[in-house]
Amino acid sequence: MELYLDTANVAEVERLARIFPLRGVTTNPSIVAAGGQSIWDVLPRLQKAVGPEGRLFAQVMSRDAAGMVKEAQQLKECVPGIVVKIPVTSEGLAAIKQLKTLGIRTLGTAVYSAAQGLLAALAGAEYVAPYVNRVDAQGGDGIRMVQELQTLLELHAPESKVLAASFKTPRQALDCLLAGCESITLPLDVAQQFLSAPAVDSAVMKFEEDWQKAFGRLSL
Ligand code: E4P
């Protein structure tokens, strides 16, 4: 499977790359804007943090297909291995088709339904990113959307992968993996929740206490 962090925080990527089996980093305009750094400065730093084999995703800002294609080319000049995120609008679908012919890899983003995600895959997107928590927050069923999209891609667009996104809890991410998704992207707080649980800390402390009492030290 492919595990990504959804962030533009270079220091946190460096820290978590030591711990997690990271495949790379995804960003979006809100994430880059919150960091306050120019995208042209932050992308090379993120690439360095994930290493030469790490994969980066960054999104275009134009609303029309021609502008999206131009920005995708600029992103590729900045980071040659980049996967360009294109919102799955009518113009976005046209851009995904053109970028496919230009050999630029894409991810269809802002996906709120299985039908929309399937269209992105059929247009040539290598990845499709359904927004699980945002669908839940609207009263929909984000996991069900992902299950349907996963099945649709397996049946009709097997060259595309679901990259499940927009999580508020580890449970949502696990449910996507159980639905068969090969790739997920986690915000930093959810990634941290995969590991930090009070019960884990107290179990380790109890081992230390018992060892210290018996042997007067904390090493083997
Ligand atoms: C994915 O493409 C998006 O960048 C992201 O996962 C959206 O997450 P949010 O709903 O937590 O903003």
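So, where does the ligand sit? The ligand sits in the largest pocket. By pocket I mean, on a 1 Å grid over the protein atoms alone, an open set of points with protein on both sides within 12 Å along at least five of seven lines, and "sits" means more than half of the ligand's atoms lie within 2 Å of the pocket's grid points.

Keep in mind this is a predicted model, where local features need pLDDT of at least 70, side-chain atom pairs count only at pLDDT 80 or more, and totals for chains, interfaces and linings use all residues. Residues are numbered from 1 along each chain as its sequence is written, and side-chain values use heavy atoms, with hydrogens and water left out.

Okay, confidence. The chain averages a pLDDT of 97 (the predictor's confidence in each residue, from 0 to 100), with 100% of the residues at 70 or above. The model gets ipTM 0.95 and pTM 0.94.

Now, who's around the ligand? Asp6, Asn28, Lys85, Thr109, Tyr131, Arg134, Ala165, Ser166 and Lys168, each with a heavy atom within 4 Å. That shell splits into four charged, three polar and two nonpolar residues, with Tyr counted as nonpolar and Gly as polar.

For polar contacts (N or O pairs within 3.5 Å), Asp6 puts a polar side-chain atom 2.7 Å from a ligand oxygen. Asn28 has one at 2.7 Å from a ligand oxygen too, and for Lys168 the distance is 3.2 Å. On its own the ligand exposes 340 Å², and the protein buries 86% of that, by Shrake-Rupley with a 1.4 Å probe.

Notes. Polar contact = N/O pair within 3.5 Å; in protein donor to acceptor, adjacent residues only side chain to side chain. 1 Å grid on protein atoms, 1.4 Å probe; cavity = no way out; pocket = protein on both sides within 12 Å on 5 of 7 lines; lining within 4 Å.
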